[in-house]
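Biologist: Before we trust any label attached to this chain, I would like each one traced back to the value and the cut-off behind it. Could you take me through them one at a time?

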Amino acid sequence: MRLRAPILFTLAYGAGLATGLLHFEAVIGGGLVMLLAGWRSRKPLLTLLAAAVLLGNVSGRIAWVAEAPRCVTRLPPGSLRMSVTLIEPVDSSGGRTSVHPLMGCSGGVIAMWPPHHATDAGLDVAVVAQWIPRAGTAGRPAGTLVISRVESIGGTPSTAARLRSAIARASQRLYGARAPMVDALIVGRRSGIDRQLQDRFAQSGLVHLLSISGFHVGIITAWIFLICRLLRVERGTALGVGAGASLAYVAFLGWPAPATRAAALAVLLALSRIRQRHVEPDSLLSATALCVLLVDPWAIVDLGGWLSVAALWGATTFSRWTDRTLGTAMWWRTLSSSV
């Protein structure tokens, strides 16, 4: 595989971002030396890569600064009496969910909700809880809010919160005991899945199946495109509608890395097709990976996001190889992309 400039730029930016998140000070000096050497020797590619490393390093440092106002950083450890807004609905069984503490901080935190207190998303709840902090990946602040008592419920849910609650109720009505699995596959909500079932998925190495992946986004985008074409919508418009729908869906999910990569791919591919540009597949994939890092710098340490990139790269690379050596028959393409 030839490493084209877009691929090298993404790799350099990712390397700089990782060093910024891990506080490697020497990278700035080395990047400046590379930048000066590229400029003096009139080598545009070297200059571009040095600039990418420096930009990535600065982005990593900015990501650390952005952690300061987040609730996971500002919540004091120990017992707390506070109000929270539910980000996800909770059924009567309780369990793992996400809440936003109303303490003048930003972002949500993982919470353990007590049973027998079914609550819709978007409602404000006064609780007694204990914040248990821990260090996450790359030392990023993390923790769990263990809620022991619910005292009062009020507030007015937003439109997005009402939609989350409506989806949860519809899933429960349609699928009954299987509703938690459906919620995990459709909206990424895993709070209702039985703990023993999650452990069995983890022990079998299949826990990633319970997460939203790029494959989910691809299916939704493809179906919307096909429906538009059946309604005789012009091809370029249908591509744009499908890409826009994928972006809206991923934004609703909260921009998980694998889904963000797939949405970026849908948008860039739609733009390329509309403008009648033939884009080299590996360069396009590297551009989508860069989009993920720009949306969420911490995605550089998200294993799921990079497994998604590796899977798509493997499928397209092996398919191209079998096209050249074994032919373009469906059987060869299916086998090679699966491997």
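Modeller: Let me start with what a helix is here: a DSSP run of H or I that covers at least four residues, with numbering from the N terminus. I167 lies in such a run, helix α5, which takes in residues 159–175. Please keep in mind that this is a predicted model.

Biologist: What makes I167 partly exposed rather than buried or exposed?

Modeller: The relative accessible area of I167 is 25%, and since buried means under 20% and exposed means over 50%, with partly exposed in between, I167 is called partly exposed. Beyond four places in sequence, I167 touches D183, V187 and F252, and its C-alpha atom is 9.6 Å from that of P89, although 78 residues separate the two in sequence.

Biologist: Why is T85 called buried?

Modeller: T85 has 17% relative accessibility, and because buried means under 20%, T85 counts as buried. T85 belongs to strand β1, which covers residues 78–86, and, leaving aside neighbours within four places, its contacts are V99, H100, L102, G122, L123 and D124.

Biologist: How do you know that the side chains of T85 and D124 make a polar contact?

Modeller: The computed distance between the two side chains is 2.6 Å, and a polar contact asks for a pair of N or O atoms within 3.5 Å, one able to donate a hydrogen and the other to accept it; the pair of T85 and D124 is therefore counted as a polar contact.

Biologist: What makes a group of residues a nonpolar core, and which residues have the most contacts inside the largest one?

Modeller: Members must be buried residues of the nonpolar kinds, joined through side-chain atoms within 4.5 Å. The largest such core has 20 residues, and those with the most contacts inside it are V84, V99, V109, W113, V127, L145 and I147. At least two residues of this core come from each of α4 (71–74), β1, β3 (109–113), β4 (124–135) and β5 (141–154). A second core, separate from that one, has 12 residues, L17, L49, V53 and I300 among them.

Biologist: Which residues does V109 contact, once its neighbours within four places in sequence are left aside?

Modeller: V109 is in contact with C71, V72, L75, T97, S98, V99, P101, W131 and L145.

Biologist: Why is V267 called partly exposed?

Modeller: V267, in helix α10 (residues 257–274), has a relative accessible area of 23%, and because this value lies between 20% and 50%, V267 is partly exposed. Leaving aside neighbours within four places, V267 is in contact with A243 and L247; the C-alpha atoms of V267 and A243 are separated by 5.0 Å, with their positions 24 residues apart along the chain.

Biologist: Why does R232 count as exposed, while W255 counts as partly exposed?

Modeller: R232 has 77% relative accessibility, and since exposed means over 50%, R232 counts as exposed. W255 has 36%, which falls between the two limits, so W255 counts as partly exposed. R232 is found in the loop between α8 (214–230) and α9 (235–253), and W255 in the loop between α9 and α10. Neither is a glycine, yet phi is positive in R232, at about 65°, and in W255, at about 60°.

Methods. Residues are numbered from 1 along each chain as its sequence is written. This is a predicted model: local features need pLDDT of at least 70, side-chain atom pairs count only at pLDDT 80 or more; totals for chains, interfaces and linings use all residues. Side-chain values use heavy atoms; hydrogens and water are left out. Buried means under 20% relative accessible area, exposed over 50%, partly exposed in between (1.4 Å probe, protein chains only). Contact means heavy atoms within 4.5 Å.
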